[in-house]
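Colleague: I have a few questions about how the terms in your ligand-site description were applied. Could we go through them together?

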Amino acid sequence: MSSTPPKPAVSPLKASTESVTSVHHWTDKLLSFRSTRPAGYQFTPGQFARLGVTVGEEVLWRAYSVTSATSEPELEYFLVQVPGGQFTEHLKSLQPGMPILVEKFSYGFMTADRFVDGEDLWMLATGTGLGPFISILQDPAVWQKFRNLILVHCVRNADELAYQELLTSLPSRPELAAGGARLRLLRSTTRDVQAAAPGNLQGRITALLANGALEAAAGLDITVEKSRIMMCGNPEMITETRELLHQRGLRPCRRAVPGQFVTEDYW
Ligand SMILES: Cc1cc2nc3c(=O)[nH]c(=O)nc-3n(C[C@H](O)[C@H](O)[C@H](O)COP(=O)(O)OP(=O)(O)OC[C@H]3O[C@@H](n4cnc5c(N)ncnc54)[C@H](O)[C@@H]3O)c2cc1C
Ligand SMILES: NC(=O)c1ccc[n+]([C@@H]2O[C@H](COP(=O)([O-])OP(=O)(O)OC[C@H]3O[C@@H](n4cnc5c(N)ncnc54)[C@H](OP(=O)(O)O)[C@@H]3O)[C@@H](O)[C@H]2O)c1
């Protein structure tokens with residue numbers, strides 16, 4: 001009697017089963033983890049992967065920005081544990097050795113090559129929207145293409161300002177320094193019970209953009225000619241920031257029309 005082998009839940013043409021290699025907890029809600037990289041996996045900094053976990057009979061899929069540099073042998077992701085979230089609840093038990101499905105293709109259009117010109121690259125992130133910029137800022141081509149790189153990370157509380165050590169060390173990497181760009185790191189908190197830590201801004205990105213505090217802190221004006229802007233994270237922040245930029249004459253990049261900003265909504 002012949003028995004047919006069980007059909008895999010996911011086509012191996014679509015995704016491969018990779019393995020979690022390390023997990024780092026930044027806070028009780030924020031974590032980064034690494035997985036092995038599917039053979040031949042290609043991505044452009046700023047893109048996201050689609051990850052799958054098997055829960056009972058079902059495979060759940062979610063999008064996660066890749067934070068790693070393209071040259072790294074593994075893939076890294078930066079996540080927040082959403083209370084009651086189907087996928088992230090499952091990741092509570094995440095540990096090295098656990099299997100994780102990774103789709104073989106990378107996705108997304110929030111990449112620096114969307115900009116055909118510009119001098120200053122502004123990267124505006126709320127919460128885990130920081131992730132793609134960790135990858136973009138490790139790309140030597142970005143340090144060559146722009147004169148100034150300005151990262152703005154806005155979180156509820158200061159302990160959520162992840163990746164500080166990596167970020168502050170970037171200008172001392174020879175392959176990045178060779179590009180000649182200057183990096184400015186602006187951090188802002190919105191719910192700290194005490195006053196913001198010295199050097200940090202206080203308030204939402206939208207408020208800091210509207211009242212000029214971001215430009216003052218960077219020492220750079222946001223203009224149609226010079227500024228190119230990427231926004232990632234909370235969709236309401238993106239909608240409101242878009243509106244503020246529109247009022248100042250900046251426009252989104254479209255397929256055939258060069259513009260000044262690109263966005264990635266996380267939900
Ligand atoms: C293109 C893209 C890239 C993404 N990249 C990341 C990433 O790098 N890191 C990451 O943590 N999430 C990312 N997300 C969100 C991620 O795909 C999941 O939605 C999230 O992890 C929650 O999954 P869940 O099943 O637990 O809850 P879901 O049912 O998917 O979400 C429940 C609710 O949680 C909130 N929420 C979801 N994601 C976030 C978030 N990141 N920060 C704050 N609130 C959130 C929203 O209110 C959402 O409606 C991305 C989403 C998209 C579309
Ligand atoms: N981070 C936590 O400690 C915490 C605690 C409990 C639950 N959660 C849950 O975890 C998930 C993720 O939370 P998160 O804090 O990473 O993401 P988030 O809610 O998107 O907040 C990240 C940052 O974005 C700001 N922001 C929110 N809406 C904005 C808007 N319209 N314009 C401009 N800025 C805006 C927030 O400011 P504001 O503070 O002003 O909103 C905060 O500084 C959510 O589902 C949340 O319910 C998080």
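What follows is a conversation about the surroundings of two ligands in a predicted model.

Colleague: Happy to start with ligand 1. How many residues surround ligand 1, and which are the closest?

Modeller: There are 18 of them, and the closest are Ala-63, Tyr-64, Phe-78, Thr-88 and Thr-128. A residue counts here if one of its heavy atoms lies within 4 Å of the ligand.

Colleague: What makes the pair between Ala-63 and ligand 1 a polar contact?

Modeller: A backbone N or O atom of Ala-63 lies 2.8 Å from an oxygen atom of ligand 1. The cut-off is a pair of N or O atoms within 3.5 Å, so this pair qualifies. The side chains of Tyr-64 and Thr-88 qualify too: an N or O atom of Tyr-64 is 2.6 Å from a ligand oxygen, and for Thr-88 the distance is also 2.6 Å. As for cover, the protein takes up 74% of the 860 Å² that ligand 1 has accessible on its own.

Colleague: How do you know that ligand 1 sits in the largest pocket?

Modeller: The test is that more than half of a molecule's atoms lie within 2 Å of the pocket's grid points. Ligand 1 is assigned to the largest pocket, so it passes that test.

Colleague: Which element gives the largest share of the shell around ligand 1?

Modeller: That is β4, with four residues. β4 (58-65), β5 (74-80), α1 (86-90) and β12 (261-265) each supply at least two. By residue class, the shell has 10 nonpolar, five polar and three charged members.

Colleague: Now to ligand 2. Why are its links to Arg-156, Arg-204 and Asn-234 called polar contacts?

Modeller: A polar side-chain atom of Arg-156 lies 2.7 Å from an oxygen atom of ligand 2. For the side chain of Arg-204 the distance from an N or O atom to a ligand oxygen is 2.8 Å, and for the side chain of Asn-234 it is 2.8 Å. These values are within 3.5 Å, so the name fits. Of the 860 Å² that ligand 2 exposes when taken alone, the protein buries 79%.

Colleague: Which element contributes the largest share of the shell around ligand 2?

Modeller: α8 does, with three residues. The shell divides into seven nonpolar, five polar and seven charged residues.

Colleague: And which domains does the shell around ligand 2 draw on?

Modeller: At least three residues come from each of domain 1 (15-103) and domain 2 (112-265).

Note on methods:
Residues are numbered from 1 along each chain as its sequence is written. Chains are lettered from A and ligands numbered from 1 in the order in which they are written. This is a predicted model: local features need pLDDT of at least 70, side-chain atom pairs count only at pLDDT 80 or more; totals for chains, interfaces and linings use all residues. Side-chain values use heavy atoms; hydrogens and water are left out. A polar contact is a pair of N or O atoms within 3.5 Å; within protein, one must be able to donate a hydrogen and the other to accept it, and residues adjacent in sequence count only if both atoms are side-chain atoms. Accessible areas come from the Shrake-Rupley method with a 1.4 Å probe; for residues, only the protein chains shown count as cover. On a 1 Å grid over the protein atoms alone, a cavity is a set of points where a 1.4 Å probe fits but cannot get out, and a pocket is an open set with protein on both sides within 12 Å along at least five of seven lines; lining residues have an atom within 4 Å of a point. Ala, Val, Leu, Ile, Met, Phe, Trp, Tyr, Cys and Pro count as nonpolar, Asp, Glu, Lys and Arg as charged, and the others, Gly among them, as polar. Domain bounds come from an automatic or database domain assignment.
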